[in-house]
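Trainee: I would be grateful for a close look at one part of this model, the open sheet and the elements that pack around it. Please set out how that part is arranged and then relate it to the rest of the chain.

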Amino acid sequence: MAKSIIINKHGGPEVLELVDSKIRPPGPNHIRIKNLAIGLNFIDTYHRTGLYPIKLPCGLGMEGAAIVEEVGSKVKNFSKGDRVAYASPPLGSYSDERVIPERIAVKIPEGITDKIAASIMTKGLTTYYLLYKTYKVSGGETILFHAAAGGVGQILCQWAKSIGCKVIGTVGSDSKVDIAKKNGCDFVINYNKESFDKKVLEITENKGVGVVYDGVGKDTFEKSINCLRPRGMMVSFGNSSGSLSPIDVKKYIAAKSLFFTRPALTNYISERSEFEESAKALFNQIKFGKVKIKIFKEYTLSDARKAHEDLEARKITGPALLIPNE
């Protein structure tokens, strides 16, 4: 029997249950995999609490690195023994074995470890679409990224810096300032100590920035709007401080002819060609040293509750993993 984390109701970390689960043979377009490392992401807490509704009972987790154990009759891209990584629904990566659709997996290239692959898929693919698809950044451009010391922030700020951007990052505490600087930020602002919008306008000589990448949400929205230049873009892709209130378009958007978008990873990798393009770009950034990854902490699968407690308490300041129990 395989081991899996499931939830039967929404709530705190206590609703996570480690259970035995029977793994069915793969269907024609599916592969059965043995997880080697599982990515831990803040979005997992949204599914657990019900902020992002899911049908219960349900597993948790969207990404991992694994070895292929068995392939369906119509699978063309993979063979038994291949190392693969994935970052997409259906939920259920919090498990030691599972069956997934062939379409959500890619091969892990030589030179990238299982743990690194598991830690970067969601965050790295998110970074790719934010920088190249949602708003295509240019070398020499100044951008603003909130939560620069967080999981996506550490990858995006390094990647943006490698393109030639000037990166302004915000953090919520002084202890995270050095983390943001080490990961590519030219300027770091503690938004709990000073008004980041005033600081951004000072840095940009009152011109503002062309794009704000905001995974914080409620606490940063209004001041983020103040940071944008006319016809700039507000990219709201998360809500770690709470969901946004209904937006007054006339007040916040029309005044400077701004663009507002709420992108989601699934809409940027739904086509196989886009998924492979994104994964190739991400793996190349790692292989060529443009983005460096250091695993912050590892938890056993059976310790998933503790991992979620630490995640929500902001004790995790880098990529973290769940490792299937031996």
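**The open sheet and its surroundings**

Mentor: In this predicted model, helix 3 (residues 151-163) lies across strand 9 and strand 10 (166-171), and its direction makes about 175° with that of strand 9. The sheet to which these strands belong is open and has six strands in the order 11-10-9-12-13-14, with parallel pairing. Its edges are formed by strand 11 (187-190) and strand 14 (259-261); each has a single partner strand, so one side of each is left without a neighbour in the sheet. From one strand to the next, the twist averages 15°.

Within this order, strand 9 (residues 142-145) and strand 12 (residues 209-214) run parallel and are joined by two bridges. Across this pairing, Phe145 stands opposite Tyr213 of strand 12. Helix 2 (residues 114-134) also packs on the sheet, where it touches strand 12, strand 13 (228-236) and strand 14. The direction of helix 2 makes about 150° with that of strand 13.

The packing can be followed into the interior through Tyr213. The largest nonpolar core has 54 residues, and of these Leu125 and Tyr213 touch the most other members. Helix 2 gives the largest share of this core, 10 residues. When neighbours within four places in sequence are left aside, the contacts of Tyr213 include Leu130 and Leu131, as well as Tyr135 and Val137. Tyr213 is also in contact with Ile143, Leu144, Phe145 and His146, and with Val235 and Phe237. Phe145 is thus both the residue opposite Tyr213 and one of its contacts. A second core, separate from this one, has 20 residues, among them Ile54, Met62, Leu91 and Tyr299.

Charged pairs add a further set of links. Side chains of opposite charge can pair when their charged atoms come close. The structure holds 14 salt bridges, and two of the pairs described here involve the helices already discussed. In one, Asp186 and Lys161 meet through their side chains, at 2.5 Å from N to O. Lys161 belongs to helix 3, whereas Asp186 is in the loop between helix 4 (177-182) and strand 11; the two residues are 25 residues apart, and the pair links distant parts of the chain. Asp186 is partly exposed, with a relative accessible area of 33%, and Lys161 is likewise partly exposed, at 37%.

The other pair involves helix 2. Asp114 forms a salt bridge with Arg83, and their closest N and O atoms are 2.7 Å apart. Because Asp114 lies in helix 2 and Arg83 in strand 6 (residues 83-87), the pair ties together parts that are 31 residues apart in sequence. Arg83 has a relative accessible area of 23% and is partly exposed.

A third salt bridge joins strands outside the open sheet's listed order. The side chains of Glu70 and Arg32 meet at 3.2 Å, N to O. Glu70 is in strand 5 (residues 63-71) and Arg32 in strand 3 (residues 30-39), so that distant parts of the chain, 38 residues apart, are linked. Glu70 is partly exposed at 32% relative accessibility, whereas Arg32 is buried at 18%. Both residues belong, together with Glu97, to a network of salt bridges.

The cysteines provide no covalent links of the disulfide kind, as the structure holds zero disulfides. Cys165 is in no disulfide, and the nearest cysteine sulfur, that of Cys157, is 10 Å away. Cys165 is nevertheless buried, at 2% relative accessibility. Cys58 is also buried, with a relative accessible area of 17%.

Finally, Gly59 offers a point of reference elsewhere in the chain. This glycine lies in strand 4 (residues 58-59) and is buried, with a relative accessible area of 14%. Beyond its neighbours within four places in sequence, Gly59 is in contact with Ile5, Ile6, Leu91 and Gly92; of these, Leu91 is included in the second core. From Gly59 to Lys182, the separation is 123 residues in sequence and 35 Å in space, C-alpha to C-alpha.

Definitions and conventions. Residues are numbered from 1 along each chain as its sequence is written. This is a predicted model: local features need pLDDT of at least 70, side-chain atom pairs count only at pLDDT 80 or more; totals for chains, interfaces and linings use all residues. Side-chain values use heavy atoms; hydrogens and water are left out. Two strands pair if DSSP finds at least two bridges between them. Helices (H or I, at least four residues) and strands (E, at least two) are DSSP runs, numbered from the N terminus. Axes are lines fitted to C-alpha atoms, for helices over the stretch in contact, and angles run from 0 to 180 degrees between N-to-C directions. Contact means heavy atoms within 4.5 Å. A salt bridge is a side-chain nitrogen of Lys or Arg within 4 Å of a carboxyl oxygen of Asp or Glu. Buried means under 20% relative accessible area, exposed over 50%, partly exposed in between (1.4 Å probe, protein chains only). A disulfide is a pair of cysteine sulfur atoms within 2.5 Å. A nonpolar core is a set of buried Ala, Val, Leu, Ile, Met, Phe, Trp, Tyr and Cys residues joined through side-chain atoms within 4.5 Å.
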